[in-house]
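Morning, everyone. Please pull up the model on your screens, and keep the sequence beside it.

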Amino acid sequence: MSTKQVRNIAIIAHVDHGKTTLVDQLLRQSGTFRANEAIRERVLDSNDLERERGITILAKNTAVRHRGFLINIVDTPGHADFGGEVERIMRMVDGVLLVVDAFEGCMPQTRFVLRKALEHGLKPIVVVNKVDRPNARPMEVADEVLDLFIDLEASDEQLSFPVVYASGLAGRSGRSPDRLQDNLEPLFDAIFDHVPAPPGDAKGPAQMQITLLDYNDYLGRIGIGRITRGRLIRGMTVAVLAADGSRRQARIEKLFGFEGLNRVEVEEAEAGDIVAVAGVKDITIGETVADPNEPESLPPLAIDEPTMKMTFLVNNSPFAGREGKWVTARKLRERLFKELESDVSLRVEETDSPDAFIVSGRGELHLSVLIENVRREGFELQVSKPEVIIREIDGVRMEPIERIVADVPEENVGAVMESLGARKAELVNMGSAGTGHVRLEFLVPSRGLIGYRTRFLTLTHGYGTMNSVFEKYAPVQGGDPGGRREGVLVASESGAATLYGILSLEDRGTMFVTPGTEVYEGMIVGEHNRDNDIVVNVCKEKALTNVRSATKEETVKMKAPRLLSLEQALEYLNDDEYCEITPKSIRLRKKILAKGEREKAEKQRRMAEMNT
């Protein structure tokens with residue numbers, strides 16, 4: 001097929017605006033599947049975590065043939081924490097479909113992904129999705145998108161973008177929200193007419209940059225990218241140019257193109273094609289595959305630096321080794337450094353201690369997905385409280401600032417503004433979000449958002465939504481705007497929690513454990529009503545006597561405990577605490593387990609503060 005008939009596009013949007021569902025319909029309506037083929041929803045979300053959470057975590061590519069054209073489609077994550085996935089695939093494509101919800105409009109990640117697309121000079125097509133949603137306002141949203149383009153200083157050519165109104169779930173689209181066709185042909189037309197064919201000299205020396213990785217048990221590591229120049233042929237010898245300037249030779253054993261959800265083995269491919277190469281040992285993201293006679297490296301992938309870090313440690317709690325398969329520092333180190341090969345926005349640093357590693361990422365969700373994957377593979381580990389990364393720029397200490405957009409019920413606006421004000425937030429915009437909600441837009445230090453999401457849901461009684469994205473670096477503000485305000489209940493001894501012990505503590509706070517849960521000294525078993533920590537005995541049993549009780553047969557009612565998810569546990573941590581993570585359990589604990597040693601360490605800390 002001539003490259004004039006090829007279109008390379010990425011689908012970008014804020015989380016949950018319907019990218020993956022739209023890709024489903026493009027695959028269906030292009031005839032990729034048989035009429036009787038059973039197809040699950042969100043077919044590109046193949047990772048277990050993606051299907052469980054309903055979000056895209058890893059960028060993935062597919063291809064459809066329609067009306068004589070080959071459309072290579074890259075589906076990208078919508079959450080800000082996985083922005084590194086979006087940034088690196090921008091070099092693979094010539095145009096983007098910017099999908100915007102017809103009710104929610106432009107959200108923080110919409111701004112982020114659009115800015116990246118415009119910086120790469122890509123041709124945008126705006127898809128106002130979910131126009132059949134109740135309270136949809138498609139024309140207003142289209143105006144909001146235009147304002148966003150202007151705000152991001154788009155070129156005149158980029159400002160002349162086409163707008164397609166669609167319902168991805170129903171597979172309908174049109175150039176007007178009132179007149180939708182029962183198919184996606186208007187969207188296909190926009191792609192064919194407005195996205196340019198891929199540039200490149202098919203006769204020049206071969207050149208291709210690896211932007212995605214996959215793995216096959218038989219073929220090993222597979223590198224995916226777009227050929228920017230020349231041709232690649234199965235069996236040819238190539239030079240692999242690393243980011244550090246080193247060079248090695250390899251042979252392309254297999255060459256694959258894409259057809260729907262499948263890889264199709266091909267003999268050769270030329271400039272403009274998105275292909276997968278197998279047989280190049282230890283290939284990594286960002287490396288250039290080139291002609292060995294004229295090796296020329298492509299510019300390295302520019303990825304924004306991480307903004308948050310955590311310390312990963314070997315599990316040393318009294319329950320260490322009970323539930324996990326991999327418990328040693330060597331195995332943990334291997335696993336973390338292996339993750340660097342596929343996640344370009346992650347950083348791993350070794351520390352003075354052989355049992356601890358500093359892992360830096362884009363946010364709490366980015367790091368928690370890594371932790372969840374690691375624990376499912378059988379690892380036991382401990383992690384510290386997330387910390388923002390402070391940078392020194394021109395001699396000034398700078399911290400990351402995030403833009404958050406919160407849709408809050410009208411009756412809760414005051415409480416939300418007061419709580420964010422205490423966390424150094426600056427209100428930059430306020431407007432109606434319809435249906436009794438107010439849309440608040442803030443700039444707030446990332447430190448102030450650590451542990452805030454649970455508080456936000458409490459203040460809005462679960463009816464509020466909040467999204468954030470990294471905005472800029474600004475001078476560090478004084479004080480500690482984030483963190484937990486409440487104290488905790490700490491177990492005083494090891495054993496099994498009893499109903500009697502838990503009931504005797506219910507008036508002190510909220511419990512995190514149920515009767516029968518194994519606990520150890522120093523483990524956090526609940527949240528205190530006040531701001532100080534107290535030591536409690538949840539293993540206490542009722543003393544047996546020969547005195548009969550008149551109320552013996554009465555049913556005892558226990559309050560429902562708060563069972564923390566992984567993200568909630570990470571948000572909840574304080575500086576002197578760890579989260580212990582195993583394949584079966586998530587536990588909170590104090591760094592120093594013994595009560596006497598904790599009190600001694602706290603006394604020394606206060607003395608040191610007084611001396612300084």
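Start at Glu-518. Setting aside residues up to four places away in sequence, Glu-518 touches Phe-319, Arg-322, Gly-495, Ala-496 and Met-523. Contact here means heavy atoms within 4.5 Å. Glu-518 is found in strand 32, residues 518-519. Helices (H or I, at least four residues) and strands (E, at least two) are DSSP runs, numbered from the N terminus.

Is Glu-518 buried or exposed? Neither: with a relative accessible area of 39%, Glu-518 is partly exposed. The cut-offs are these: buried is under 20% relative accessible area, exposed is over 50%, and partly exposed lies in between, with a 1.4 Å probe and protein chains only. Now look across to Leu-146. Leu-146 and Glu-518 are 372 residues apart along the chain, and their C-alpha atoms are separated by 57 Å.

A word on ground rules. This is a predicted model: local features need pLDDT of at least 70, side-chain atom pairs count only at pLDDT 80 or more, and totals for chains, interfaces and linings use all residues. Residues are numbered from 1 along each chain as its sequence is written, and side-chain values use heavy atoms, with hydrogens and water left out.

Next, the whole chain. The secondary structure comes to 15 helices and 36 strands. The radius of gyration is 27 Å, close to the 25 Å that the globule rule gives for 612 residues, so the chain is as compact as a globular protein of that length. That radius is taken over C-alpha atoms, and the rule is 2.2 Å times the number of residues to the power 0.38. Along the principal axes, the C-alpha atoms fill a box of roughly 90 × 60 × 55 Å. Of the 612 residues, 54% are buried. Take contacts between residues at least 6 apart in sequence: 72% of them join residues at least 24 apart.

On to the cores. In soluble globular proteins, nonpolar side chains tend to be buried together. We call a set a nonpolar core when buried Ala, Val, Leu, Ile, Met, Phe, Trp, Tyr and Cys residues are joined through side-chain atoms within 4.5 Å. The largest one has 45 residues, and those with the most contacts inside it include Ile-12, Met-92 and Val-128. Beyond four places in sequence, Val-128 touches several residues, among them Val-100, Pro-138 and Tyr-165. A second, separate core has 31 residues, including Ile-450, Phe-512, Tyr-572 and Cys-579.

How many disulfides does the structure hold? Zero, counting pairs of cysteine sulfur atoms within 2.5 Å. Take Cys-539. The closest cysteine sulfur, in Cys-579, is 20 Å from the sulfur of Cys-539, too far for a bond. Cys-539 is buried, at 10% relative accessibility. Cys-106 counts as buried too, at 19%.

Now some backbone angles. Most residues other than glycine have a negative phi. Asn-135 is not a glycine, yet its phi is positive, about 65°. Asn-135 sits in the loop between strand 5 (123-129) and helix 5 (138-151). Lys-424 has a positive phi as well, near 70°. Find Lys-424 in the loop between helix 10 (413-421) and strand 26 (426-434). Lys-424 is partly exposed, at 35% relative accessibility.

Last stop: Ser-368, in helix 9, residues 364-376. Ser-368 is buried, at 0% relative accessibility. Leaving aside neighbours within four places in sequence, Ser-368 is in contact with Leu-566, Glu-567 and Leu-570.
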